[in-house]
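Work through the exercises below with the model open. Try each task before reading its solution.

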Amino acid sequence: MTSPGPDGLVVAQASPADWTVVTGWAADEGWNPGLSDSASFFAQDPEGFFVGRVDGEPVSAISVVNHGAHYAFLGFYLVRPDVRGHGYGLATWKAALAHAGGRTVGLDGVVAQQDNYRKSGFELAHRTVRFGGVVPPGEEPSGVRQAGPADHAAIVAYDGACTPADRPAFLASWLTTPGHRTFVRHADDGRPTGYAVLRPARDALRVGPLFADTADDARALFAALGAGADGRALAIDVPETNAPAVAFVEKLGLAPSFETARMYTGPVRPFATERVHGVTTLELG
């Protein structure tokens with residue numbers, strides 16, 4: 001796909017190599033993206049990444065990753081700071097959004113852009129708050145262990161109940177990426193009652209997702225994440241609608257740093273929002 005825009009802007013699909021530049025822009029904005037996050041979303045939809053160029057130089061970017069036939073997620077909407085105000089962002093947005101087709105599109109919008117997103121048809125679902133800090137030592141979590149290949153099928157099924165779309169291709173990468181550590185908790189009958197992933201990032205280690213049946217399951221998983229952090233700071237993005245999750249991270253002394261808004265262009269399939277104690281990523285869904 002190639003689309004012309006203002007002042008010689010050309011929007012085209014991005015390669016993983018292109019995206020290393022965009023990830024650097026995101027880091028400069030303070031987003032703290034996971035070091036290997038993008039690769040898993042390329043695995044889900046390799047055609048869902050776009051860069052705008054002027055005279056061959058990248059000036060804008062966006063991702064619109066399709067998750068199945070009915071849902072897509074928009075992220076990494078960025079314009080290089082030194083070339084803002086030329087219409088590059090909106091032109092890139094319009095060119096890339098066509099990739100979603102008739103799917104409902106979700107995004108996590110920063111406060112400054114939420115009014116613009118509403119004008120584009122996005123409606124608020126909930127606020128999400130990033131909390132961060134060093135997790136104090138706690139009791140050894142019960143019933144939690146590091147996941148292995150034998151757990152992947154059950155995790156994929158559990159994840160599908162907690163998200164607007166099934167995403168097996170994404171998880172096949174996310175759960176096996178070097179540096180990602182996945183923890184799972186099981187009931188006595190062997191059924192998973194939650195899972196969580198800890199991954200390296202530019203600054204604080206990122207948590208995502210943290211999905212769990214109950215607050216007790218989430219606390220046990222978070223204790224394992226804290227132990228796995230070896231004293232380094234963690235960052236977790238918590239839906240404000242999950243009051244027990246917010247109360248728990250506040251009790252641990254984690255501090256809020258910024259907020260976003262989860263917004264959708266239309267209906268999404270029902271999913272267990274009460275299990276979402278930490279979203280997967282703000283940047284990519």
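**Exercise 1: an unusual peptide bond**

Task: In which strand is P209 found, and what kind of peptide bond joins G208 and P209?

Solution. Start with the strand: P209 is found in β11, residues 205–212. Helices (H or I, at least four residues) and strands (E, at least two) are DSSP runs, numbered from the N terminus. Next, read omega between G208 and P209: about -5 degrees, a cis peptide bond. Most peptide bonds are trans, and most residues other than glycine have a negative phi.

A note on the source: this is a predicted model, where local features need pLDDT of at least 70, side-chain atom pairs count only at pLDDT 80 or more, and totals for chains, interfaces and linings use all residues. Residues are numbered from 1 along each chain as its sequence is written, and side-chain values use heavy atoms, with hydrogens and water left out.

**Exercise 2: positive phi**

Task: Locate D55 and D230, and decide whether D55 is buried or exposed.

Solution. D55 is in the loop between β3 (49–54) and β4 (57–67). Its phi is positive, about 55 degrees, although D55 is not a glycine. The relative accessible area of D55 is 79%, so D55 is exposed. The cut-offs: buried is under 20% relative accessible area, exposed over 50%, partly exposed in between (1.4 Å probe, protein chains only).

D230 lies in the loop between α7 and β12. Phi of D230 is positive too, near 55 degrees. D230 is exposed, at 62% relative accessibility.

**Exercise 3: the buried side of α8**

Task: Which residues of α8 are buried, and which elements are among those covering them?

Solution. List the buried residues of α8 (243–251): A245, V246, F248 and V249. They span an arc of only 165 degrees around the axis, so they sit on the same side of α8. The arc is that of the directions from the helix axis to the C-beta atoms. Their cover includes β7 (123–133), α7 (215–228), β12 (234–239) and β14 (276–278); contact means heavy atoms within 4.5 Å. After α8 comes G253, with a positive phi near 90 degrees.

**Exercise 4: the largest pocket**

Task: How many residues line the largest pocket, and which element gives the largest share?

Solution. The lining has 31 residues; W31, Y77, V110, Q113 and Y117 lie nearest the centre. A pocket is an open set of points on a 1 Å grid over the protein atoms alone, where a 1.4 Å probe fits, with protein on both sides within 12 Å along at least five of seven lines; lining residues have an atom within 4 Å of a point. The largest share, six residues, comes from β5.
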